[in-house]
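Thank you all for coming. I would like to take a few minutes to walk through one structure, so please have the sequence and the model open while I talk.

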Amino acid sequence: MNKRLRVIAWVTTCIALAGLLFWAYRRFVLLHPDPTLSWVRNGVTYELLNPKMLGAVLLAPWFVAVLSQSLADLPWPQRILSVLLRVSFVVLLALGLSRLARTATTEKVCTVYLVDVSDSVTDEALDDARAAVAKAWAEKPKDGLVKLVTFARRPRLVEAPDAGGDDKAKPPAVERHADANGQRGDLGAGSNLQAALQLAYGLYPQGYLKRAVLLTDGVQTEGDLLAEANRAKDFGVKLFTIPYRRPAPPEVAIREMKMPDRVKVGETFAIHADIYASRATKARARLFQGEALNGLEGLKELDLKAGPNDVVFKSVVRIAGQVTYALEIDEIPADKFKENNRYATTIDVPGRPAVLYVEGTPQHAGPLSNALTAQQLDVDVRPPAGFPGSLKELERYDFVILSDTPKEAVSLQAQELIETYVRDLGGGFLFAGGESGYGLGGWYHTTIERILPVRMDNERKKEMPSVAMALVIDRSGSMTGLPLEMAKAAAKATAQTLGSDDLLEVIAFDSAPTRYVKMQPARNRSRIANEIARIQPGGGTEIFPALDAAYQDMTVTQARKKHVVLLTDGKASTSGIRDLVSAMIAESITVTTVGLGGDVDEQLLKMIADVGGGRYHSVPDPNNLPRIFTKETEMIARAAAVEEWFPVTQVGDAAFLRGVDVRTAPNLHGYVSTKMKPTPAQELLQSETEEPILARWRVGLGWTLAWTSDVKSRWSVEWLRWPGFEKFWGQLVHEHMRQKHRRELDMKAEVVNGRLRASVDAFGADERFENNLISRLNIIGPEPGGQTRSVDFRQTAPGRYEVDHPLEKYGSFLLRAEHTREAEGGAMRQVAVSFGHVSNPYPKEYASFEPDVATLEKAAAATGAGVDPANIAAIFDPAGEKVTFHEELWSRFVYAAIAVFLLDLFVRRVRLFDRKFLPKRAVRTAPVPPT
């Protein structure tokens with residue numbers, strides 16, 4: 001009975017305890033109006049940030065209730081101690097989960113030094129910054145903190161080196177930014193003060209007043225310091241500024257080039273260049289228009305005064321289109337940065353359609369140039385060496401003519417530019433013949449042949465006469481090296497050019513001739529090439545025996561045409577040569593001579609060519625030998641050049657031929673034989689032997705045309721007098737030139753803080769907004785030869801399309817936008833286009849070197865600080881400010897709960913009270929039986 005009463009009393013007590021705890025939890029926690037609980041003790045405010053977790057204490061009565069039913073064989077005192085430890089564990093864990101914290105105030109100061117290490121900062125100014133950081137590190141208060149951030153284009157946190165516990169001994173180092181390999185590159189080509197201040201926000205530890213000291217020249221290339229200063233004030237940061245006051249380095253920079261709003265073709269205008277000099281100096285300025293020096297004022301010697309200088313250039317544009325002006329400054333006695341010595345900008349000059357006429361013999365370009373000018377076209381005549389070097393310059397022209405020019409005079413890059421110009425830009429291209437056109441100029445298997453509607457490797461007709469050629473090549477000692485190698489290459493090219501049934505012989509001579517290739521059909525090209533490769537240099541130069549050997553072989557050879565080509569680079573005895581050549585021409589054996597270099601007997605070689613009915617070629621450069629031999633072979637074989645009078649017949653229809661009666665045109669006197677490519681190549685005019693004279697086809701967006709005769713006073717001498725000459729060529733160019741798009745939408749473009757911002761307002765014909773266009777911007781640059789990047793426009797308002805894209809490179813950029821809309825069937829239909837250009841010449845870091853003190857003063861004043869603090873104490877002075885912060889105490893209770901838990905384990909496993917110590921029992925051993 002007594003045991004039952006004890007159990008009932010024990011259970012009643014536990015229930016009462018649980019009820020009391022639940023009432024207290026509900027009264028002071030669940031029904032409390034505030035989400036937190038707080039109280040003040042000794043002037044310190046304590047707070048439970050998550051008091052609902054105190055509910056874990058409600059588990060305490062459970063541990064008391066199970067005490068009476070415990071099966072552990074422990075004394076009562078130890079069992080009671082174990083229960084108390086478990087209750088303590090739950091209470092401590094509840095306090096930890098409730099996030100107990102106390103509120104404290106402090107006047108400690110943490111100061112972050114922001115040091116500008118960009119390229120515009122001089123080494124002397126950087127030394128001043130190092131001294132300022134070192135002084136702050138040494139004189140900071142005992143409870144103060146100093147941290148360092150260096151910045152240029154991007155900010156970096158600089159950690160202090162390990163000083164063995166003496167943190168005042170080694171302040172953090174102030175160094176210019178470099179990559180992992182120690183290379184600075186363009187890391188210093190910028191100053192972002194805003195980003196540096198933003199990084200500082202995350203460096204202040206809790207419980208410290210926030211101060212920042214900015215050491216800089218105030219020149220900003222990115223960001224907005226004044227806007228960030230207002231945010232810094234909201235974060236409680238006081239910003240002190242210390243401007244760099246060291247003299248600017250010796251520097252000359254082109255800040256801007258101002259062009260007129262509108263430039264007319266042929267009208268003189270002024271270009272104003274804003275050139276900054278940090279000190280008085282001299283310099284040379286060169287202004288380029290496209291790839292060449294500006295025609296009116298291309299070069300100026302400058303006497304620059306300290307500060308801004310307005311330098312004026314006069315210029316005139318002769319050809320309409322986009323024109324790029326580039327100003328370069330050099331010959332400066334002292335100049336720190338070269339990046340800011342060049343500035344380029346592009347203008348768009350409206351006018352008549354422009355034609356680029358590249359003529360192999362510019363002195364004969366007058367007839368076609370005058371005819372096109374009379375047809376309201378602006379014609380720019382240039383020699384092959386003046387071919388544009390970039391697509392941007394070539395884009396100025398609506399039509400390009402390449403006439404009577406050998407392949408060697410047009411680089412592979414220029415040929416690729418022509419292909420891109422036609423295919424991608426929709427330009428028109430005419431390739432005209434002549435003595436250096438098509439096969440005669442070595443244009444086999446080139447980019448130009450690929451884009452033309454005709455093939456140059458025309459098969460000769462069976463009725464054409466067969467040819468026997470003898471190549472007599474000098475192999476004397478002076479031909480050693482490149483001359484002989486190129487001569488052998490020319491001989492191999494001759495074998496490739498001849499027809500399969502034509503005959504070829506190669507005789508190499510020094511003091512005596514050697515037949516390396518005996519007379520044989522040219523179809524044996526592999527064998528001929530191997531035999532030509534065996535030619536080695538010797539000694540001496542005797543022309544007569546070599547020519548006589550060729551003469552003897554030719555007299556016994558059956559061929560309709562017999563021709564000898566003599567190549568030499570020196571002088572030899574002339575005895576008997578005239579009589580020998582006279583005998584050769586008497587038997588219809590013609591002789592052509594090639595003089596290599598400047599030490600040849602030109603009079604002798606000209607005499608041989610004149611008497612022998614051939615031609616004399618003076619070749620200063622051995623690299624031109626293959627072209628000369630190929631041209632000579634074509635002329636002799638008459639596979640390419642057809643020099644005879646013939647009428648032109650129209651066989652195809654084209655719009656430009658309407659109104660032009662080709663039947664009334666006079667005869668042409670020659671052309672270069674070619675063969676039409678398959679459809680879609682279209683033949684328009686042909687010769688009486690049904691070979692193409694004029695053909696065309698489309699290449700990408702543009703046209704290419706092949707005119708196999710010439711456009712000069714040799715083969716077209718009678719055409720120049722034809723009344724329809726001007727109309728024929730004018731209408732041909734007008735039909736095939738680059739066509740303007742039907743609609744152009746104006747584009748506004750500018751560069752702001754290194755980012756391209758372009759916008760287009762799209763209106764329809766009814767002045768309504770055009771929405772939901774799919775617009776794409778092509779950014780081409782930097783010119784010349786820049787890459788093309790494509791960016792999508794984003795519609796930001798009715799009819800408004802915008803692009804905001806970073807420009808990571810510097811120079812002049814062309815902008816082209818295509819605006820399309822989805823048509824029926826899902827196809828995309830072009831609606832309009834837009835054109836523009838921007839100039840991002842170099843990083844702004846190199847444009848200004850004078851400190852912007854006014855901006856620094858405003859930024860400091862916005863945060864309640866000042867410029868040039870008197871001393872370190874002023875920076876670390878709390879000035880009556882105190883910072884109140886919460887000190888979290890929950891971790892202490894968690895650690896204490898762990899310790900109590902471990903102690904409880906010990907109490908429940910080790911008997912501490914009424915322990916009994918019994919003596920050890922003796923070990924009995926069995927008796928050993930007697931043996």
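Let me begin with a small question: does Q376 count as buried, exposed or partly exposed? This is a predicted model, and in it Q376 has a relative accessibility of 48%, so Q376 counts as partly exposed, given that the partly exposed class runs between 20% and 50%. Q376 sits in the loop between helix 7 and strand 18, the latter spanning 378–382, and its phi is near 65 degrees, which is a positive value in a residue other than glycine.

A second residue with that kind of backbone is N772, which is not a glycine either and yet has a positive phi of about 60 degrees. N772 lies in the loop between strand 36 (755–761) and strand 37 (774–783), and at 62% relative accessibility N772 counts as exposed.

While we are on the backbone, please look also at the peptide bond that joins T679 and P680, which is cis, with omega at about 20 degrees. P680 is placed in the loop between strand 31 (675–676) and strand 32 (682–686).

Going back to helix 7, which covers residues 366–374, we find G366 within it, and G366 is partly exposed, with a relative accessible area of 29%. If you want a feeling for distances in the model, G366 and D868 are separated by 502 residues in sequence and by 73 Å in space, taken from C-alpha to C-alpha.

Now to the sheets. One of them is an open sheet of 5 strands in the order 6-5-4-7-8, and its pairing is mixed. Strand 6 (155–158) and strand 8 are at the edges, where each has a single partner strand, so that one side of each is left without a neighbour in the sheet. On average, and ignoring direction, neighbouring strands here are turned by 25 degrees against each other.

Let me follow the pairings across this sheet, beginning at strand 6. Strand 5, residues 145–151, pairs with strand 6 in the antiparallel sense over 4 bridges, and within that pair F151 stands opposite P155 of strand 6. On this sheet packs helix 5, residues 193–201, which touches strand 4, strand 5, strand 6, strand 7 and strand 8, and whose direction makes about 40 degrees with that of strand 6.

Further along, strand 4 (residues 109–116) and strand 7 run parallel and are joined by 7 bridges, with T111 opposite R211 of strand 7. Strand 7 also runs parallel to strand 8, residues 237–243, again through 7 bridges, and there A212 has L239 of strand 8 as its bridge partner. How many residues of strand 7, then, are buried? Strand 7 spans residues 209–216 and is mostly covered, with 7 of its 8 residues buried.

Another open sheet has 3 strands in the order 9-10-14, and here the pairing is antiparallel. Its edges are strand 9 (252–258) and strand 14 (307–315), and since each has a single partner strand, one side of each is left without a neighbour in the sheet. The twist from one strand to the next averages 25 degrees. Strand 10, residues 269–277, forms 9 bridges with strand 14 in the antiparallel sense, and D274 has D310 of strand 14 as its bridge partner.

I will finish with two helix pairs. The axes of helix 11 (residues 482–497) and helix 12 (residues 525–533) come within 10 Å and cross at roughly 165 degrees, which makes helix 11 roughly antiparallel to helix 12. Their crossing is right-handed, and the contact is made by K488, A491, K492, A495 and Q496 of helix 11 together with R525, I528, A529, I532 and A533 of helix 12. By class, that contact divides into 6 nonpolar, 1 polar and 3 charged residues.

The other pair is helix 13 (residues 543–555) and helix 14 (residues 577–586), whose axes come within 10 Å and cross at roughly 15 degrees, so helix 13 and helix 14 are roughly parallel to each other. This crossing is left-handed. Helix 13 contributes I543, F544, L547, D548 and Y551 to the contact, and helix 14 contributes I577, L580, V581, A583 and M584; by class, there are 9 nonpolar residues, no polar ones and 1 charged.

Note on methods. Residues are numbered from 1 along each chain as its sequence is written. This is a predicted model: local features need pLDDT of at least 70, side-chain atom pairs count only at pLDDT 80 or more; totals for chains, interfaces and linings use all residues. Side-chain values use heavy atoms; hydrogens and water are left out. Axes are lines fitted to C-alpha atoms, for helices over the stretch in contact, and angles run from 0 to 180 degrees between N-to-C directions. Angles under 35 degrees count as roughly parallel, over 145 as roughly antiparallel, 65 to 115 as roughly perpendicular and the rest as oblique. A crossing is left-handed if the near helix is turned anticlockwise from the far one by less than a right angle, and right-handed if clockwise. Contact means heavy atoms within 4.5 Å. Ala, Val, Leu, Ile, Met, Phe, Trp, Tyr, Cys and Pro count as nonpolar, Asp, Glu, Lys and Arg as charged, and the others, Gly among them, as polar. Two strands pair if DSSP finds at least two bridges between them. Buried means under 20% relative accessible area, exposed over 50%, partly exposed in between (1.4 Å probe, protein chains only).
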